[in-house]
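These exercises go through one protein structure step by step. Try each task with the structure in view before reading its solution.

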Amino acid sequence: HTLDLGQNNFAFDQTNRDVLHTLLSFNSCLHTLILCGCGIDGVHAENLARALSTHSTLSHLDIEENQLGISGCCGLAKALECNVSLTSLFLSSNNIQDAGAIALSNAIQLQSQKVNGHREGLKRLRINFNSLTFRGVKRLYNMFDNSLLPLEEIQLNLNPEAESTGLVAGIQERLGKNKEGKKILLACCVL
């Protein structure tokens, strides 16, 4: 089942701050949740993350174009360590910055150890337009040293400094080594 609440720009205030947690906590049939452009900030993302850490059927979460920031991304990353059912996570345009990318990288690596090479775990990650610098992209690059990584697609944007270092080619090469015979998508936009 899919629930698309995108572009609703909810007024998340004190009275309804736990609505995302409640939504996931009591819904075991939900596979896709679309919350792009809903005005979700770091606090609400942390509430969502609490529910996501124990939710076992959600496979796709689109939370692009919100205001998660570093704290919200770190909360979602922590939930990702425990959740092996989530296969697609779309976080573009949330100002997660390098700290958020590093938290995601750590969580994805921990998750891949948990699933131990099985087909479970995060396969698609979109983190375009999040103010990543060389430091954040380099951390994502180093993540691909893990041969058990289930990731098949990553979308990110790079500034010219990061592009000039050859990180795109390095990530593409490492993705190709990790998935024999599988098509891997790396979509990079140089700003």
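Helices, of at least four residues, and strands, of at least two, are DSSP runs, numbered from the N terminus. By this numbering, Asn47 has its place in helix H2, which covers residues 42-52. The model is a predicted one.

**Exercise 1. Describe the overall make-up of the protein and the confidence of the model.**

Solution.
- Step 1: The protein has 7 helices and 7 strands. Along the sequence they follow the pattern β-α-β-α-β-α-β-α-β-α-β-α-α-β.
- Step 2: Of the 191 residues in the protein, 49% are buried.
- Step 3: Among contacts with a separation of 6 or more, 85% join residues 24 or more positions apart.
- Step 4: The average pLDDT of the protein is 78, and 71% of the residues score at least 70. Over residues 178-184 pLDDT stays under 50; for this stretch the model has 14 contacts beyond four places in sequence.

**Exercise 2. Determine how far H2 is covered, and place Asn47 in that picture.**

Solution.
- Step 1: Count the buried residues. In H2, 8 of the 11 residues are buried, and the helix is mostly covered.
- Step 2: Name them. They are Gly42, His44, Ala45, Asn47, Leu48, Ala49, Ala51 and Leu52.
- Step 3: Check Asn47 against the cut-off. Buried means under 20% relative accessible area. Asn47 has a relative accessible area of 6%, so Asn47 is buried.
- Step 4: Look for a partner of the Asn47 side chain. A polar contact of 2.6 Å joins it to the side chain of Arg50.
- Step 5: Look at the start of H2. There, a side-chain oxygen of Asp41 comes to within 3.2 Å of the backbone nitrogen of Val43.

**Exercise 3. Find what Ser71 touches, and describe a second pair that is distant in sequence.**

Solution.
- Step 1: Locate Ser71. This residue is in helix H3, residues 69-82.
- Step 2: Judge its exposure. At a relative accessible area of 40%, Ser71 is partly exposed.
- Step 3: List its contacts. Leaving aside residues up to four places away in sequence, Ser71 touches Gly42 and Glu46.
- Step 4: Compare sequence and space. Ser71 and Glu46 are 25 residues apart in sequence, while their C-alpha atoms are 7.7 Å apart.
- Step 5: Take the second pair. Gly39 lies in the loop between strand E2 (32-34) and H2, and is partly exposed with a relative accessible area of 22%. Gly39 and Gln67 are 28 residues apart in sequence and 6.4 Å apart from C-alpha to C-alpha.

**Exercise 4. Which residues touch the most other members of the largest nonpolar core?**

Solution.
- Step 1: The core has 40 residues, and Leu61 and Leu104 touch the most other members.
- Step 2: H2, H3, helix H4 (97-115), H5 and strand E6 (153-158) are the elements that give two or more residues to this core.
- Step 3: Not counting residues up to four places away in sequence, Leu61 touches Leu33, Leu35, Leu48, Leu52, Leu76, Leu86, Ser88, Leu89 and Phe90.

**Exercise 5. Why do the buried residues of H5 line one face of the helix?**

Solution.
- Step 1: In H5, residues 134-143, the buried residues are Gly136, Val137, Leu140, Tyr141 and Met143.
- Step 2: Viewed down the helix axis, these residues fall within an arc of 155 degrees, so they line one face of H5.

**Exercise 6. How many disulfides does the structure hold?**

Solution.
- Step 1: The count is 0.
- Step 2: Take Cys36 as a case. The closest cysteine sulfur to that of Cys36 is in Cys38, at 6.6 Å, which is too far for a bond.
- Step 3: Add the exposure. Cys36 is buried, with a relative accessible area of 14%, whereas Cys29 is partly exposed, with a value of 42%.

**Exercise 7. Describe Glu65 and Phe129, starting from their phi angles.**

Solution.
- Step 1: Glu65 has a phi near 60 degrees, a positive value in a residue other than glycine. Phe129 also has a positive phi, near 55 degrees.
- Step 2: Glu65 belongs to the loop between strand E3 (60-62) and H3. Phe129 is in the loop between strand E5 (124-126) and H5.
- Step 3: Glu65 is partly exposed, with a relative accessible area of 44%. Phe129 is partly exposed, with a relative accessible area of 46%.

How values were computed: Residues numbered from 1 in each chain as written. Predicted model: local features only at pLDDT ≥ 70, side-chain atom pairs only at ≥ 80, totals over all residues. Heavy atoms only, no water. Buried < 20%, exposed > 50% of the residue type's maximum accessible area, 1.4 Å probe, protein only. Arc of directions from axis to C-beta. Polar contact = N/O pair within 3.5 Å; in protein donor to acceptor, adjacent residues only side chain to side chain. Contact = heavy atoms within 4.5 Å. pLDDT = per-residue confidence, 0-100. Disulfide = S-S within 2.5 Å. Core = buried A, V, L, I, M, F, W, Y, C linked by side-chain atoms within 4.5 Å.
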